[in-house]
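Reader: Good afternoon. Could you please take me through this model, one piece at a time?

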Amino acid sequence: MAETTFSFIPRAARTAKPRQRGLTEIRGPYYSAYGKRHLADLFETMGAWIDGVKYAGGSFALMPPEAVRSFNKTAHDHGAYISTGGWLENVMRFGPDAIGRYIEEVKSLGFDVVEISAGFVSLPTDSLLRLVRMVKKAGLKAKPEVGIQFGAGGDTAAAELEAEGTRDVSWLIAQAERVLDAGADIIMIESEGITENVTRWRTDVAARVIDSLGLEKVMFEAADPPVFEWYVKNYGNEVNLFVDHSQIVQLEALRQGIWGTKSTWGRIQNIGG
């Protein structure tokens, strides 16, 4: 455990960085614009609990190169990785040459992880595997994002998504197993269709994913407090979660059991290894 104030007050155990489970990935600039100074403030106060930072919605494509490099270096200086987010699904519309140049520039800007999403596009499994191999060949980590909802990723209304229908969870698990076999480092599970923009949560999907793939190989998108509370309450404080950067304090207080709602007060425990 990292050194903190009031360390004499018992709390649920958390492993130190770099950790393999209980990862917290926070959202970079998207819902609010921020740069290296705000990021440095986050790390100064909560850095022990931030494992990675992910840009969203191609936000880096709106920023000067030096601003991106500086932002990424700030994360590295505090022992955190940097992920692209799923903008590759936009790039792939323009063909293999654009994909190759994208991966080259991602590496030159200091990214560590390339997220491979296909929420808005129909992508054959062989193409997904090819993308994983391209990313790994470039010396980067590959993080495919898979889900059950077509059209996910753009905050589409629940009724519109429901009209699109959902895939069977067995398909999701089969896709995840194939990309892991191809060298993917971890799988991001898209929340839409499971806990986001749905009339009822598909908790059965999360259960089958964890049962089939294990906690260490998956990360759940959980950008609403009731969602990340549910994951921690049901799967313990070592579940890997992606949240907004504004939620890091709330999530870590829950992970360590030092605060919570009526539902979680005093219930989050971990005796450590």
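**Strands and their partners**

Reader: Which residue in S8 is the bridge partner of Glu25?

Author: The bridge partner of Glu25 in S8 is Phe242. This is a predicted model, in which local features need pLDDT of at least 70, side-chain atom pairs count only at pLDDT 80 or more, and totals for chains, interfaces and linings use all residues. Residues are numbered from 1 along each chain as its sequence is written, and side-chain values use heavy atoms, with hydrogens and water left out.

Reader: Which strand pairs with S8 in the parallel sense over three bridges?

Author: Strand S1 (residues 24–27) does so. Strands are DSSP runs of E with at least two residues, helices are runs of H or I with at least four, and both are numbered from the N terminus. Two strands pair if DSSP finds at least two bridges between them.

Reader: And how does S7 pair with S8?

Author: Strand S7 (residues 218–221) is parallel to S8, and three bridges link them. Glu221 has Phe242 as its bridge partner in S8. Between S7 and S8 the chain passes through helix H9 (residues 225–235), in a β-α-β crossover that is right-handed; that is, with the strands pointing away from the viewer, the path from the first strand over the helix to the second runs clockwise.

Reader: Where do the side chains of S8 point, and are they buried or exposed?

Author: From strand S8 (residues 240–243), Asn240 and Phe242 point one way. Leu241 and Val243 point the other way, and all of these residues are buried (under 20% relative accessible area with a 1.4 Å probe, protein chains only; exposed is over 50%, and partly exposed lies in between).

Reader: New topic, please. Why is S5 largely enclosed by the rest of the structure?

Author: Five of its six residues are buried, so S5 is largely enclosed by the rest of the structure.

Reader: How many bridges join S4 to S5?

Author: Strand S4 (residues 113–116) is joined to S5 by four bridges, and the two strands run parallel. Ile116 stands opposite Pro144, which belongs to S5.

Reader: Which helix belongs to the β-α-β unit of S4 and S5?

Author: That is helix H5 (residues 125–137); together with S4 and S5, H5 makes a right-handed β-α-β unit.

Reader: What about S5 and S6, how many bridges are there?

Author: There are two bridges between S5 and strand S6 (residues 187–189), and this pairing is in the parallel sense. Val146 has Ile189 of S6 as its bridge partner.
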